[in-house]
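User: I would like to go through this model term by term, asking each time what a label rests on. Please begin with the rule for strand pairing and then set the values against it.

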Amino acid sequence: DKRRAEQLKRAQNLAFGVAATGDREDRIKTATSQAPAKSGFKMAEAATSRYAVVAKMDLSEVVLKGNDNKFARYVLDVQIKDIKTDAVLVPFSDNGRSGQATMAEAESRALRSAESAIKEKLGKAFADYLATYTAK
């Protein structure tokens, strides 16, 4: 309806910043920024915006006895937050592991898996949050 459209239009004037730790080549930062950007929100510097996507990525080696492959495990924690109130609007986490012949290949594949999870699942979680907000 018209009221919901107006609410969404006003909300889209809000800017979101993105901060990511444990990132490689800004791949996690880029992936996490897509959720608000695809919904029409502006992107800004994390230090100056009221709203932020805060991501933490940990990559570690996993040793499996009797297996010559190298394994990398990723643990991902993402929060879409209201910086002013420190409220978490949309929490998201994911983890997984990948095995390859070399550790560099295993880490690269784990990172791709994390990117895919962010693009698929975080975007849906953010859209679900917006749908709840605009339904009021």
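Analyst: Two strands are said to pair if DSSP finds at least two bridges between them, and strands themselves (E, at least two residues), like helices (H or I, at least four residues), are DSSP runs numbered from the N terminus. By that rule E4 and E5 are paired, since 13 bridges join them, and they run antiparallel. This is a predicted model, in which local features need pLDDT of at least 70 and side-chain atom pairs count only at pLDDT 80 or more, whereas totals for chains, interfaces and linings use all residues. Residues are numbered from 1 along each chain as its sequence is written, and side-chain values use heavy atoms, with hydrogens and water left out.

User: How do you know what confidence the predictor has in the protein chain and its elements?

Analyst: The value to consult is pLDDT, the predictor's confidence in each residue, from 0 to 100. The protein chain averages 88, and 93% of its residues score at least 70. Among the elements, strand E4 (residues 70–82) has the highest mean, 95, while helix H1 (residues 2–11) has the lowest, 70.

User: What makes up the secondary structure of the protein chain, and in what order do the elements run?

Analyst: There are three helices and five strands, and from the N terminus on they follow the pattern α-β-α-β-β-β-β-α.

User: What makes E2 and E5 the edges of the sheet?

Analyst: The sheet is open, with five strands in the order E2-E1-E3-E4-E5 and mixed pairing. Strand E2 (42–44) and E5 each have a single partner strand, so one side of each is left without a neighbour in the sheet, and they therefore stand at the edges. Neighbouring strands are turned by 25° against each other on average, direction ignored, where axes are lines fitted to C-alpha atoms, for helices over the stretch in contact, and angles between N-to-C directions run from 0 to 180 degrees.

User: Why is the pairing called mixed, and which strands run parallel?

Analyst: In general, strands of a sheet pair through backbone hydrogen bonds, either parallel or antiparallel. Here E1 and E2 run parallel and are joined by three bridges, whereas E3 and E4 pair in the antiparallel sense over twelve bridges. Individual partners can be followed as well: Phe16 stands opposite Met43 in E2, Val62 has Phe71 in E4 as its bridge partner, and Asp77 stands opposite Ser93 in E5. In the hairpin of E4 and E5, which has four residues between the strands, Asp86 takes a positive phi near 65°.

User: What makes the largest nonpolar core a core?

Analyst: A nonpolar core is a set of buried Ala, Val, Leu, Ile, Met, Phe, Trp, Tyr and Cys residues joined through side-chain atoms within 4.5 Å. The largest such set has 27 residues, and those with the most contacts inside it are Ile28, Leu76, Leu122 and Phe126. Strand E1 (15–21), helix H2 (27–38), strand E3 (51–62), E4, strand E5 (87–100) and helix H3 (103–134) each supply at least two residues, and the largest share, ten residues, comes from H3.

User: Which residues does Leu122 touch?

Analyst: Contact means heavy atoms within 4.5 Å. Not counting residues up to four places away in sequence, Leu122 touches Thr32, Ala35, Val78, Ile80, Val90, Phe92 and Ala117. As for H2, this helix lies across E1, E2, E3 and E4, running at about 155° to E1.

User: Why is Ser98 called buried?

Analyst: Buried means under 20% relative accessible area, exposed over 50%, and partly exposed in between (1.4 Å probe, protein chains only). Ser98, whose place is in strand E5, has a relative accessible area of 6% and is therefore buried. Ser98 touches Lys70, Phe71, Ala72, Ala106, Arg109 and Ala110, not counting residues up to four places away in sequence. Across the protein chain, buried residues make up 33% of the 136 residues.

User: Are Glu25 and Asp26 exposed or partly exposed?

Analyst: Glu25, at 74% relative accessibility, lies over the 50% limit and so counts as exposed. Asp26, with 45%, falls between the two limits and is therefore partly exposed. Glu25 is found in the loop between E1 and H2, as is Asp26. Although Glu25 is not a glycine, its phi is positive at about 55°; Asp26, likewise not a glycine, has a positive phi of about 60°.
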